[in-house]
Amino acid sequence: MMKKLFYALCSLCIVLAPLCAGENNEKHFSLLFGGGVGSFKMDDGRFLMVYSNRSMTRHGFFALGDSRTYLIGKYRLFDATGKSELTNINVTGFSEWREIFYSAGFRLTVPHSPFYADVSYVIIKAEEKISTVQPVVNELTTSQKIENRGLSFGGGLAIEILSPFAIYGEGEYTFMLQKVQNDKKRDLPGIGGWNISTGIIFIF
């Protein structure tokens with residue numbers, strides 16, 4: 001559902017872009033889209049111990065509003081690798097993690113200021129794959145998928161450098177609304193946390 005809402009929001013922004021551009025001087029409607037990179041720190045301490053090789057997050061967004069309040073959709077991708085935790089067995093384990101954030105919400109800007117605040121509803125889908133590399137033991141290869149919902153709150157500033165381009169920097173915290181357990185009733189990793197990012201915005 002959240003994924004469909006995100007794509008619907010992106011499609012709406014694209015369809016209305018010419019209208020917003022034509023009415024920008026009278027009604028101050030704006031279309032924003034952009035993307036960038038960032039650093040994600042997950043809340044779960046066990047994750048940080050296993051996944052020592054964490055890539056930068058990649059993200060993009062669309063927003064449509066009246067220059068003060070925007071309806072915004074975001075997409076963020078995070079990958080990590082590390083050594084899997086294997087006990088009582090003489091093999092080397094390898095773990096892969098991929099996490100995707102889909103969010104939709106509102107952006108509030110401060111008049112005559114570069115500062116803004118975001119609040120969004122988030123669905124996070126994560127997949128973890130664990131395998132062996134020395135030696136390869138197919139029977140020990142396993143994977144799990146995690147899906148959870150949460151809320152994110154963030155803020156940042158956007159500075160226009162040359163119309164229609166602006167650069168931005170922001171911080172955002174995502175927390176989960178509930179704990180997720182596997183079929184053995186064990187708590188799965190808490191997949192929320194802090195994301196610090198920077199990138200470029202196109203303003204129309």
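Which elements each supply at least two residues of the lining of the second largest cavity? The points below take up that question along with the other cavity, a pocket, a surface patch and some backbone details.

1. The model is a predicted one. Residue numbers run from 1 along the sequence as written.

2. To the opening question: β4, β5 and β8 are the elements that each give at least two residues to the lining of the second largest cavity. Its volume is about 40 Å³. The residues around this cavity are Lys-74, Arg-76, Phe-101, Ser-103, Val-122, Ser-152, Glu-172 and Thr-174. By class, the lining holds two nonpolar, three polar and three charged residues.

3. The search of the whole structure returns two cavities of 30 Å³ or more. The largest cavity encloses about 50 Å³. Its lining is made of His-59, Gly-60, Phe-61, Lys-74, Tyr-75, Arg-76, Arg-107, Tyr-168 and Glu-170. Two or more of the lining residues come from each of β3, β4 and β8. Four of the lining residues are charged, three are nonpolar and two are polar. Lys-74 and Arg-76 appear in the lining of the largest cavity and also in that of the second largest cavity.

4. The second largest pocket holds about 590 Å³ of space. It is lined by 24 residues, and Ser-67, Tyr-70, Thr-109, Ser-113 and Ile-203 are the closest to its centre. Strands β1 (30-42), β5 (92-109), β6 (115-134), β7 and β9 (193-203) each contribute two or more residues to this lining. The lining of the second largest pocket comprises 13 nonpolar, eight polar and three charged residues.

5. Ser-67, one of the residues closest to the centre of that pocket, sits in the loop between β3 (57-65) and β4 (69-82). Its phi is near 80°, which is positive although the residue is not glycine. Ser-67 is classed as partly exposed because its relative accessibility is 32%, and that class lies between the limits of 20% and 50%.

6. A second non-glycine residue with positive phi is His-112, where the angle is near 60°. His-112 belongs to the loop between β5 and β6. Its relative accessibility is 86%, so His-112 counts as exposed, the cut-off for that class being over 50%.

7. On the surface, a nonpolar patch is formed by Val-110, Phe-115, Leu-157, Ile-159, Ile-161, Leu-162, Phe-165, Ile-167 and Ile-200. Together these residues have about 770 Å² of accessible area. At least two patch residues come from each of β7 (142-162) and β8 (165-176). The strand that gives the most is β7, with four residues.

8. Ile-167, a member of the nonpolar patch, is part of strand β8. With a relative accessibility of 40%, Ile-167 is counted as partly exposed.

9. The loop between β7 and β8 contains Pro-164. The peptide bond that joins Ser-163 to Pro-164 is cis, and its omega is near 5°. The two strands on either side of Pro-164, β7 and β8, are those that each supply at least two residues of the nonpolar patch.

Conventions
This is a predicted model: local features need pLDDT of at least 70, side-chain atom pairs count only at pLDDT 80 or more; totals for chains, interfaces and linings use all residues. Side-chain values use heavy atoms; hydrogens and water are left out. Patches are made of residues with over 30% relative accessible area and no salt bridge: like charges are joined within 9 Å, nonpolar side chains (Val, Leu, Ile, Met, Phe, Trp, Tyr) within 5 Å. Accessible areas come from the Shrake-Rupley method with a 1.4 Å probe; for residues, only the protein chains shown count as cover. A salt bridge is a side-chain nitrogen of Lys or Arg within 4 Å of a carboxyl oxygen of Asp or Glu. Buried means under 20% relative accessible area, exposed over 50%, partly exposed in between (1.4 Å probe, protein chains only). On a 1 Å grid over the protein atoms alone, a cavity is a set of points where a 1.4 Å probe fits but cannot get out, and a pocket is an open set with protein on both sides within 12 Å along at least five of seven lines; lining residues have an atom within 4 Å of a point. Grid points are joined across faces, edges and corners, and a volume is the space filled by probe spheres set on the points. Ala, Val, Leu, Ile, Met, Phe, Trp, Tyr, Cys and Pro count as nonpolar, Asp, Glu, Lys and Arg as charged, and the others, Gly among them, as polar.
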